[in-house]
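Subject: Structure handover

Hello,

I am passing a structure on to you, and below it you will find my notes on what turned up. Please read them with the structure open beside you.

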Amino acid sequence: MSGVKNRIDELFAEREKKRFIPFITTGDPSLGTSVRLIHALIEGGADLIELGVPYSDPLADGPVIQRASQRALQAGTTIQHVLEVIKELRDSGVTIPLVLFTYYNPVLQYGVGRLFERLAECGGDGIIIPDLPYEENQEALAAANQNGLHLISLVAPTSDQRIAMIGEQASGFLYCVSSLGVTGTRSGLNSNLVPFLKRVRSCTSVPLGVGFGISTPDQVREVARHAEGVIVGSAIVKEIERNLPLLEKPETVEEGIAKVKTFVQTLSSALK
Amino acid sequence: MTGRAGTETSVPDSAGRYGRFGGKYVPETLMSALTELESAFAEAVSDPQFVSELHHLLQRYAGRPTPLYHARRLTEALGGAQIYLKREDLNHTGAHKLNNALGQGLLAKRMGKKKVIAETGAGQHGVASATVAAQLGLECKVFMGEEDIKRQELNVFRMRLLGAEVIPATTGTRTLKDATNEAIRYWVTNVDETFYIIGSVVGPHPYPYMVREFQKIIGEETREQILEQIGRLPDEVVACVGGGSNAMGMFYPFIHDDVRLRGVEAAGHGLSTDKHAATLTLGRPGVIHGALTYLLQDEYGQVQEAHSISAGLDYPGVGPEHAYLKDTGRVHYASVTDSEALEALQLLCRTEGIIPALESAHAVAEVVKLAPTLPKEQVIVICLSGRGDKDVATLQTRLDAGGQGGTGA
């Protein structure tokens with residue numbers, strides 16, 4: 001536990017309430033549409049949002065988020081833009097926790113200290129860096145603590161003896177990777193998920209968020225029996241992709257956003 | 001240039017760091033596998049049985065030691081320092097890549113893994129991995145960029161003939177970088193039963209270290225052979241650098257000697273263009289494929305496309321130990337263009353009857369510039385990392401179209 005207290009801790013203060021955590025690739029298909037989609041996610045029941053920074057080499061991501069990253073990069077999205085989106089959301093009255101999801105190299109090039117400072121100023125609450133494991137995160141951890149941000153750690157089914165040290169350091173919530181592999185939908189949940197989550201639970205005091213491969217209301221409901229937060233990324237990004245023809249035209253963008261919102265509602269309502 | 005340096009013995013440290021470079025920047029899912037690999041490797045290399053089995057394969061199967069050859073006609077043509085070629089092109093499968101693939105393949109088997117995967121650029125590491133898999137009875141998948149599959153048709157066929165499955169990487173720039181991304185993604189998904197044979201001194205710790213250890217036989221043999229042939233060490237050793245495994249293997253045994261070391265990167269169309277692969281010359285520190293190293297990237301940290309006529313040098317990153325050796329000044333890194341490499345390739349063909357790989361032709365090209373500036377008493381060893389058979393289609397297209405360097409002599 002880091003001692004940091006912010007919107008994320010408030011959100012999880014009532015542990016029995018289950019929280020819906022969608023992910024979106026910021027800038028897909030454009031920054032303007034992204035901001036409107038984020039509002040739709042909130043209206044659709046998001047309790048916390050992960051804002052993805054598009055990256056040229058997203059190692060931990062499957063094809064759906066890879067394609068979204070490509071679209072966002074083609075639209076010219078940079079990490080600076082994503083920070084500005086967070087600021088814009090706060091300025092327009094958004095109060096739910098916002099977490100930046102980014103690979104490490106863009107963080108390194110921005111400057112670790114500088115990025116965390118700027119993220120806090122813009123109104124962010126945390127940061128997830130999927131290619132920055134425990135052994136490499138000292139600088140980021142210090143910068144997070146200094147700026148009142150949670151550095152959200154990940155723990156995987158293969159973490160094994162590492163679970164204890166990761167669980168002890170965890171801050172905000174602990175991102176539990178449901179199964180081996182990259183992000184993307186799976187046909188079913190990993191059969192070892194429950195024992196894995198029990199083991200993680202015994203090693204940490206922070207709430208658990210479970211992600212990777214969750215795409216249906218049934219899966220959301222099932223996961224919520226064992227965790228405080230349910231994270232859905234690729235399924236939502238896929239829905240955005242499916243509605244691109246609508247989202248890319250000014251006269252139909254509203255209709256596209258409404259479709260994404262309806263989809264998100266079907267997932268988030270599984271928790272109510 | 002620094003002749004001697006005393007600090008290199010300590011790299012990598014226990015965290016896999018070469019100075020500030022290296023490390024393990026990978027998804028949490030892979031961390032336990034890397035730790036397991038690290039201890040399996042440490043156990044293996046201290047087990048005499050593993051060492052002798054590898055030695056046996058290198059000798060009886062791969063054909064080591066490869067010759068060290070005094071290239072008299074090339075030396076005469078350039079009119080300066082004496083040039084020796086370390087003939088890694090004569091290694092089984094046609095390049096130095098097999099040294100490492102054999103080592104990692106044996107390790108995979110020792111760890112009880114039945115499936116191996118590999119990434120490949122030019123196809124040399126893919127062929128080496130497919131070969132080792134066949135020899136050891138392992139199942140093999142090779143990830144290769146769609147663009148490279150086109151450029152290296154012959155090697156694709158060889159891999160399939162050897163029983164490997166070649167999986168095209170269709171994302172990003174569709175070259176080595178993306179093949180590596182795809183291999184890592186596959187590994188994350190199948191980490192329990194799969195051994196990932198990385199082909200160069202890149203990737204997360206312990207790979208850069210392990211690959212160097214399996215490749216250092218190049219430099220060890222060279223050292224012994226040159227002492228035997230001329231009674232002293234060379235003045236300079238030159239090798240091409242993409243990821244940098246032939247160079248690391250060649251340089252490492254000379255690190256503490258008074259021998260100049262020179263790595264040669266691909267300058268593609270030229271350093272002033274955006275079509276090059278001169279990572280150490282023009283890159284900035286960043287993270288790629290699990291290691292902090294020099295990287296071709298834009299101001300926001302997006303990885304940039306590399307370019308080289310040689311598919312094996314076409315990589316926007318470089319091994320972290322090279323990044324370290326650049327910063328300490330122990331190794332000098334130069335670069336040569338596509339055209340210079342093509343000309344050097346033809347020169348070697350005509351003076352010595354050796355068709356080098358386009359990758360290795362970069363090292364030759366640097367020596368074409370360097371040798372005439374040095375006295376005849378000096379000795380340069382070039383690591384001729386591979387043979388050029390795989391490149392003949394590329395050469396035909398380039399030389400027929402551009403008349404580059406002509407065909408007569």
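The notes that follow deal with the interface and then with the nonpolar cores.

Please keep in mind throughout that this is a predicted model. Where chain B meets chain A, 33 residues of chain B are in contact with 33 residues of chain A, and the two chains bury about 2700 Å² between them, with 53% of that area lying on carbon and sulfur atoms. Of the area that chain B buries against chain A, 25% is supplied by E28(B), R185(B) and Y300(B), which is more than any other three residues give.

Turning to the polar side of this interface, there are 3 salt bridges across it, and E28(B) forms a salt bridge with R162(A), the two side chains meeting at 2.8 Å, N to O. Between the chains, 22 residue pairs are in polar contact. On the side of chain B that touches chain A, two or more residues come from each of α1 (28-45), α8 (176-189), β11 (284-288) and β12 (291-295) of chain B, and α8(B) gives the largest share, 8 residues. The residues on that side divide into 13 nonpolar, 10 polar and 10 charged.

As for the interior, the largest nonpolar core has 105 residues, and I49(A), L115(A), F116(A), V232(A) and I236(A) have the most contacts inside it. Leaving aside residues up to four places away in sequence, I49(A) touches several residues, including P22(A), I38(A), L41(A), I96(A) and V99(A). A second, separate core of 87 residues includes L59(A) and F212(A) as well as I149(B) and M159(B).

Best wishes

Conventions:
Residues numbered from 1 in each chain as written. Chains lettered and ligands numbered in written order. Predicted model: local features only at pLDDT ≥ 70, side-chain atom pairs only at ≥ 80, totals over all residues. Heavy atoms only, no water. Contact = heavy atoms within 4.5 Å. Buried area = accessible area lost by both parts, 1.4 Å probe. Salt bridge = Lys/Arg side-chain N within 4 Å of Asp/Glu carboxyl O. Polar contact = N/O pair within 3.5 Å; in protein donor to acceptor, adjacent residues only side chain to side chain. Helix = DSSP H or I, 4+ residues; strand = E, 2+ residues; numbered from the N terminus. Nonpolar A, V, L, I, M, F, W, Y, C, P; charged D, E, K, R; others polar. Core = buried A, V, L, I, M, F, W, Y, C linked by side-chain atoms within 4.5 Å. Buried < 20%, exposed > 50% of the residue type's maximum accessible area, 1.4 Å probe, protein only.
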